[in-house]
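Here are a few exercises to work through with the model on your screen. Try each task yourself before you read its solution.

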Amino acid sequence: MVLTAVQPLDLLGTIDTAFDRDVYQFQAGTSESTTISLSANLSSLDTVVTLLDASGNVIASNDDFDFFVSSDSLLTATVTGGEIYFVEARGFSTSTGDFHLTISLDAGDSIGAATDLGLLTAAQPIHLLSS
């Protein structure tokens, strides 16, 4: 599947047994920052997510992005357009359960695509709300 900013990957899966790993492949449509979220889907799964390049080298990995609040995983990394990547979803240690995986390109979130807000002065603050 070619991943684009308008076509993120969003799926449900299950880690059935201890040390099970589900691996997904995608091709980046453009060179962008990508965000990968792996969360327990109404289960007690303690998630671990890993992004690998086509040779199997680890680019980024995360276990418990907010250790004190959640055992879900979240990572952000830059991918190169046209390249093949793998995402590995697994449970920490012997953890099992259902999961929700989302992979999305953060198109437009780059210096080159920044919005010009004009001259900012102390007498004229700018307040932005981001979605």
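**Exercise 1.** Find out whether Leu-42 is buried or exposed, and say where Leu-42 sits.

*Solution.* Start with the accessible area: Leu-42 has a relative value of 87%, so it is exposed (over 50% is exposed, under 20% is buried, and anything in between is partly exposed, with a 1.4 Å probe and protein chains only). Next, its place: Leu-42 is in the loop between E4 and strand E5 (47-53). Strands (E, at least two residues) are DSSP runs numbered from the N terminus. Last, look at the backbone: phi of Leu-42 is near 55°, a positive value in a residue other than glycine.

Before going on, note that this is a predicted model, where local features need pLDDT of at least 70, side-chain atom pairs count only at pLDDT 80 or more, and totals for chains, interfaces and linings use all residues. Residues are numbered from 1 along each chain as its sequence is written, and side-chain values use heavy atoms, leaving out hydrogens and water.

**Exercise 2.** Work out which element has the lowest mean pLDDT and which the highest.

*Solution.* First, the term: pLDDT is the predictor's confidence in each residue, from 0 to 100. Over the protein the mean is 81, and 73% of the residues reach 70 or more. Now go element by element: strand E1 (residues 2-3) comes out lowest with a mean of 62, and strand E6 (residues 58-63) highest with 96. Where pLDDT is low, the predicted coordinates should not be read in detail.

**Exercise 3.** Trace the open sheet and say which strands stand at its edges.

*Solution.* Two strands pair if DSSP finds at least two bridges between them. Following the pairs gives four strands in the order E2-E9-E4-E7, with antiparallel pairing. Strand E2 (9-15) and E7 each have a single partner strand, so they are the edges, and one side of each has no neighbour in the sheet. Now check the pairs around strand E4 (residues 32-40). E4 and E7 share seven bridges, and Ser-33 stands opposite Thr-78 in E7. Seven bridges also join E4 to strand E9 (residues 97-105), where Thr-34 faces Leu-105.

**Exercise 4.** Sort the side chains of strand E7 (residues 73-79) by face, then look closely at Ser-73.

*Solution.* Ser-73, Leu-75, Ala-77 and Val-79 point to one face and are buried. Leu-74, Thr-76 and Thr-78 point to the other face and are not buried. Zoom in on Ser-73, which has 1% relative accessibility. A polar atom of its side chain lies 2.7 Å from the backbone oxygen of Thr-47, and the side chain of Ser-73 also reaches the backbone oxygen of Asn-62 at 3.2 Å.

**Exercise 5.** Which two residues form the stacked pair of rings?

*Solution.* The structure holds one aromatic pair. Its rings belong to Phe-26 and Tyr-85, with centres 5.7 Å apart and planes at 25°, so the pair is stacked (rings of Phe, Tyr and Trp, its six-membered ring, pair if their centres lie within 6.5 Å; planes under 30 degrees apart are stacked, over 60 edge-to-face, and the rest tilted). Phe-26 lies in strand E3 (residues 21-28) and Tyr-85 in strand E8 (residues 84-91), so the pair ties together parts 59 residues apart in sequence. Both Phe-26 and Tyr-85 are buried.

Definitions and conventions: Polar contact = N/O pair within 3.5 Å; in protein donor to acceptor, adjacent residues only side chain to side chain.
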